[in-house]
Amino acid sequence: MPADTIDSLVIVGSVAGSVLAETGGPEFFAVLEIVATILVGAGIGLVSGLFGVGGGFLIVPVLSALYGFRLAWIGTASCQALGQATTGLMARRLNWDHLQLPLIVSGGLLTGVWFGSRTLSVSSIGSVDGVNGISSESLVLGSYTALLSLVGILALWETHRTRNGRPFKRGWLANWPLPPYASFPQLNASRTSIAVLAWFGLAVGFLAGLLGLSGGMIMLPGLIYCIGLGTHQAVAVTLVVVWLVAAQAAAIHAWYGRVELIPAMALLAGGTIGARIGTQLSERLGGSTLRNSFGYLLLGTAALSAAQLGGLLAH
């Protein structure tokens, strides 16, 4: 295990111990629950490094299944995604080519995160006051189920078509004729619409703010199929986008009190190891294998969210 990884775990463990000592132990999280959350964080960190996504799409369904749904899981997911994205970026060699796209879409991303967070706040207030017909839990878990199912099915369908020699046409969104334009060395298109990239970022940011996603789950397939990036290039660019989105989302959710400190530290402690292992595995696996595994993972998480939404899992 790398020395810097061990140092990170020691620091996180020391901080967690100090918090527990000062508070006399958390009411909600017992020792066994902290250990279980660290193991969950290790698995999510593995996914983060493997696919270039922050893992936020796993945190809310998994923690809700283990401990019951709480709005705090959304902010906690953003904090964990920020930590994993930072670890993943430190393990990769990035250059200017990996930063151009994230910087261009960042305006739409940051605006979308704010709108998504505000939508969640309005839904939460309406649920408490009895104004809204849909609760925050139904909104979040229902959105997770629909979104994960859609992206998972598309990922598996594309992999099946590619293996049969009938791949999807990639990069169709990058060719839309909406000025102004920019050129990117990793894209086949001679020029790409900056306006299209900004609106794409707005959609990703909105889902990130609403659901606690890091944006990677949407950004990764979007960059591959809609923009036309190769799988490994898309993973590197997505990590940068995840970092930008998670940093803002974590700050906003913390402002609204939707962050649990103890589980966030436990997730980061386990995720530090998992992210390093996942990053190394990602560079060894083929793009088709990564996309196929990603699709099955999304469908499994969607089934978990659907089970919670239907009341099949008791908390």
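Biologist: Which residues of α8 are buried?

Modeller: In this predicted model, the buried residues of α8 are Gly216, Met217, Ile218, Met219, Leu220, Pro221, Gly222, Leu223, Ile224, Tyr225, Cys226 and Ile227, where buried means under 20% relative accessible area, exposed over 50% and partly exposed in between, with a 1.4 Å probe and protein chains only. That is twelve of the twelve residues of α8. Helices here are DSSP runs of H or I with at least four residues, strands are runs of E with at least two, and both are numbered from the N terminus.

Biologist: What are the ground rules for numbering and for which parts count?

Modeller: Residues are numbered from 1 along each chain as its sequence is written, and side-chain values use heavy atoms, with hydrogens and water left out. Because this is a predicted model, local features need pLDDT of at least 70 and side-chain atom pairs count only at pLDDT 80 or more, while totals for chains, interfaces and linings use all residues.

Biologist: Back to α8, how far apart are its end C-alpha atoms?

Modeller: They are only 14 Å apart over the twelve residues 216–227, short of the 16 Å that a straight helix would reach at 1.5 Å a residue; the expected span is 1.5 Å times one less than the number of residues. Just after α8, glycine 228 takes a positive phi of about 100°.

Biologist: And how many residues does α8 give to the largest nonpolar core?

Modeller: The largest nonpolar core has 61 residues, and those with the most contacts inside it are Phe57, Val60, Val140, Met217 and Leu223. The largest share of this core, nine residues, comes from α8. A nonpolar core here is a set of buried Ala, Val, Leu, Ile, Met, Phe, Trp, Tyr and Cys residues joined through side-chain atoms within 4.5 Å.

Biologist: What is valine 140 in contact with?

Modeller: Leaving aside neighbours within four places in sequence, valine 140 is in contact with Val60, Phe69, Ile74, Leu120, Leu210 and Leu211, contact meaning heavy atoms within 4.5 Å.

Biologist: Switching topic, how many salt bridges are there?

Modeller: The structure holds one, a salt bridge being a side-chain nitrogen of Lys or Arg within 4 Å of a carboxyl oxygen of Asp or Glu. Arginine 70 pairs with glutamate 260, and their closest N and O atoms are 2.7 Å apart. The pair links distant parts of the chain, 190 residues apart, with arginine 70 in the loop between α3 (56–67) and α4 (72–91) and glutamate 260 in the loop between α9 (231–255) and α10 (261–284).

Biologist: Why does arginine 70 count as partly exposed?

Modeller: Arginine 70 counts as partly exposed because its relative accessibility is 27%, and glutamate 260 is also placed in that class, at 22%.

Biologist: What else sits in the loop between α3 and α4?

Modeller: Glycine 68 is found there, and it is buried, with a relative accessible area of 7%. Glycine 68 and glutamine 308 are 240 residues apart in sequence, yet 8.9 Å apart in space, C-alpha to C-alpha.

Biologist: Where is the kink in α10 centred?

Modeller: It is centred on glycine 271 and amounts to about 35°, the bend at a residue being the angle between axes fitted to the seven residues ending there and the seven starting there. The 24 residues of α10 should span 34 Å at 1.5 Å a residue, and its end C-alpha atoms are 35 Å apart, which agrees.

Biologist: Two threonines caught my eye, so what is threonine 301 in contact with?

Modeller: Threonine 301 lies in helix α11 (residues 287–309) and counts as buried at 5% relative accessibility. Beyond four places in sequence, threonine 301 is in contact with Phe57, Leu58, Pro61 and Leu148. Threonine 145, in helix α6 (residues 136–163), is buried with a relative accessible area of 17% and is in contact with Ala302, Ser305 and Ala306, again leaving aside neighbours within four places.

Biologist: Over which residues is the pLDDT below 50?

Modeller: The chain averages a pLDDT of 75, and 78% of the residues score at least 70, on a scale from 0 to 100 that gives the predictor's confidence in each residue. Residues 1–28 are below 50, although this stretch has 28 contacts in the model beyond near neighbours in sequence. pLDDT also stays under 50 over residues 128–132, for which the model has five contacts beyond four places in sequence. Where pLDDT is low, the predicted coordinates should not be read in detail.
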